[in-house]
Amino acid sequence: MKFLNFSKNVRLTGYCLLVLTYTIFNYTQLASITKLGGFSNALRILVILILIFGMFFQKYRFKELLIFSVIFLFSIFVGYKSDSLDLPMTVAVIFCMRKIEFVKIVRVDFYTRLIITIIIFICAINNYIPSNNFFREGVMRYSFGFYHPNLFGAYMLILTLEFIYLGYIKSSKTARIWIILPVVFFIDKTANSRSAEISLLIYLVAYLIFKFDFFGRISKKTLTFISVIMIGLASIISIVSTYMYNPMNEMWVLINKLLSSRPALISSVVNNFYSIHLFGQRTPLLGDTEGTVVNGRNVSLFVDNSYMSIAIKFGSVALVLFVLWLIKNSLTFIRGKNRIIMFCWLLALLIWGLSENKLILIQFNILLFSYVEKNEGEITCKNI
């Protein structure tokens, strides 16, 4: 038992360092200006070494190791094809954190992310570190030290969802749900990150719907069916909007305007620059504000949609496997007593992924860990 606790503590420490590393050295404006990418790579290697060291004190079945080896080798292959460590890193961290309770991972993530976000926020408003502030449609957007206002919005979204979850598992009657309203108001008046705002509001609406007795007693099978449909629908909507976008159609023009020109940009990327391959491809500066040189001119290529970003960067096979992993996880945690709050969490992230490209990254989608949510003994959720 001591060895198991030691193993968990070591791996949780490694995960804490992972969140810290990515936040400071990849997602802040300071890191962008000072080019700290090399230091970030060294720390990411250190994180993996810590996680692997912790694994030596945890028992694994041969079948688990075999499956992981196959998946990890596939991620390495895709990583080579796409010239990105994102997929191998996510796969490695997911496996290394096996057999650690989901709530413990959430708790470590929440407090680590909260502390570092507060520090960055304070440093930014006191001009100790730079921010990326700019106008959009006459509204000033503040990044508070993060690389982009949407990144700050993403961190606020994650922190809010984790804060609600940690309160919910103590008491299913938690009042923490109402923190969404002031958080949305704050995001709207500062970062103006509409994807985070909409995701939080949809989370709130879904949760309130389940407070009605009729919906609160919804069966496990029904909720599972809805989850699977939502996951598949999110991918289908992304693909359809990319290939069927028509700038001459009034409906598409309206949708494109509502989604900040995302459908038009993604359609342009797929049709003119990077068609989808089976196992991904090198997409230099895809989604970077610096853009990439095409035919002697600089072009900004944005794919602010997680599903199409995975398909373009990592390939159609990776997208299918990612969707299947989301479905597998949903089938696991919907069996548990926390399934209502987990369902709302899943819904919020699926919506967020429609307009942001980071859903496959473990540091943004902690639900990729939720295979450890094992409360199958509880059939119903009585008090929401």
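T117 is buried, with a relative accessible area of 5%. That residue is a good place to enter this predicted model. T117 belongs to helix α6, which spans residues 102-125. A polar atom of the T117 side chain lies 2.6 Å from the backbone oxygen of R113. Beyond its neighbours within four places in sequence, T117 is in contact with F146, F152, Y155 and L159.

Helix α6 also holds I120. With 6% relative accessibility, I120 falls under the 20% limit and therefore counts as buried. Its contacts, leaving aside neighbours within four places in sequence, are T23, T28, I129, F144, G145 and F146. F146 appears in the contact list of T117 and in that of I120. S131 sits 11 residues from I120 along the chain, and the two C-alpha atoms are separated by 9.9 Å.

Several of these contact partners lead to an aromatic cluster. Y22, Y27, F121, Y142, F144, F146, F152, Y155, F186, W352 and F364 form it. T117 touches F146, F152 and Y155 from that set, while I120 touches F144 and F146. R113 comes in again here: it lies over the face of Y155, at 4.8 Å from the ring centre. So R113 offers its backbone oxygen to the contact with T117 and is also placed over the ring of Y155.

Now widen the view to ring pairs. A search of the whole structure finds 26 aromatic pairs. Take F68 and F95. Their ring centres are 4.0 Å apart and their planes meet at 15 degrees, so this pair is stacked. F68 sits in helix α4 (residues 62-82) and F95 in helix α5 (residues 86-96), so the pair links distant parts of the chain, 27 residues apart. F68 counts as buried at 18% relative accessibility. F95 is buried too, with a relative accessible area of 8%.

Y155 and F364 show another geometry. Their centres are 6.0 Å apart and their planes stand at 80 degrees, so the pair is edge-to-face. Here 209 residues separate the partners: Y155 is in helix α7 (residues 149-168), F364 in the segment after α16 (339-353). Y155 has 1% relative accessibility and counts as buried. F364, at 3%, counts as buried as well. A charge over a ring also turns up elsewhere: the charged end of R282 sits over the ring of Y80, 5.1 Å from its centre.

What about the nonpolar interior? In soluble globular proteins, nonpolar side chains tend to be buried together. The largest nonpolar core here has 100 residues, and Y203, W345 and F369 touch the most other members. Helix α7 supplies the largest share of this core, 13 residues. F369 is in contact with Y15, V93, I94, M97, F102, I105, N329 and I362, leaving aside its neighbours within four places in sequence. A second, separate core has 8 residues, including V270, Y274, V303 and M308.

M308 points to helix α14 (residues 306-314). This helix is mostly covered, with 8 of its 9 residues buried. The buried ones are S306, Y307, M308, S309, I310, A311, I312 and F314. They pack against α4, α5, α11 (220-243), α13 (262-272), α15 (316-333) and α16. Among these, α4 and α5 are the helices that carry F68 and F95. Both ends of α14 have a feature to inspect. At the N-terminal end, N305 acts as a cap: one of its side-chain oxygens lies 3.0 Å from the backbone nitrogen of Y307. After α14 comes G315, with a positive phi near 100 degrees.

Finally, step back to the whole protein. It has 16 helices and 4 strands. Of its 384 residues, 52% are buried. Among contacts with a separation of 6 or more, 74% are between residues 24 or more positions apart. Both the F68 and F95 pair and the Y155 and F364 pair link distant parts of the chain. The accessible surface comes to about 18400 Å², and carbon and sulfur atoms account for 67% of that area.

Notes:
Residues numbered from 1 in each chain as written. Predicted model: local features only at pLDDT ≥ 70, side-chain atom pairs only at ≥ 80, totals over all residues. Heavy atoms only, no water. Phe/Tyr/Trp six-rings, centres within 6.5 Å; stacked < 30°, edge-to-face > 60°. Helix = DSSP H or I, 4+ residues; strand = E, 2+ residues; numbered from the N terminus. Buried < 20%, exposed > 50% of the residue type's maximum accessible area, 1.4 Å probe, protein only. Lys NZ or Arg CZ within 6 Å of the ring centre and 35° of its normal. Polar contact = N/O pair within 3.5 Å; in protein donor to acceptor, adjacent residues only side chain to side chain. Contact = heavy atoms within 4.5 Å. Areas by Shrake-Rupley, 256 points an atom, 1.4 Å probe, with all protein chains shown as cover. Core = buried A, V, L, I, M, F, W, Y, C linked by side-chain atoms within 4.5 Å.
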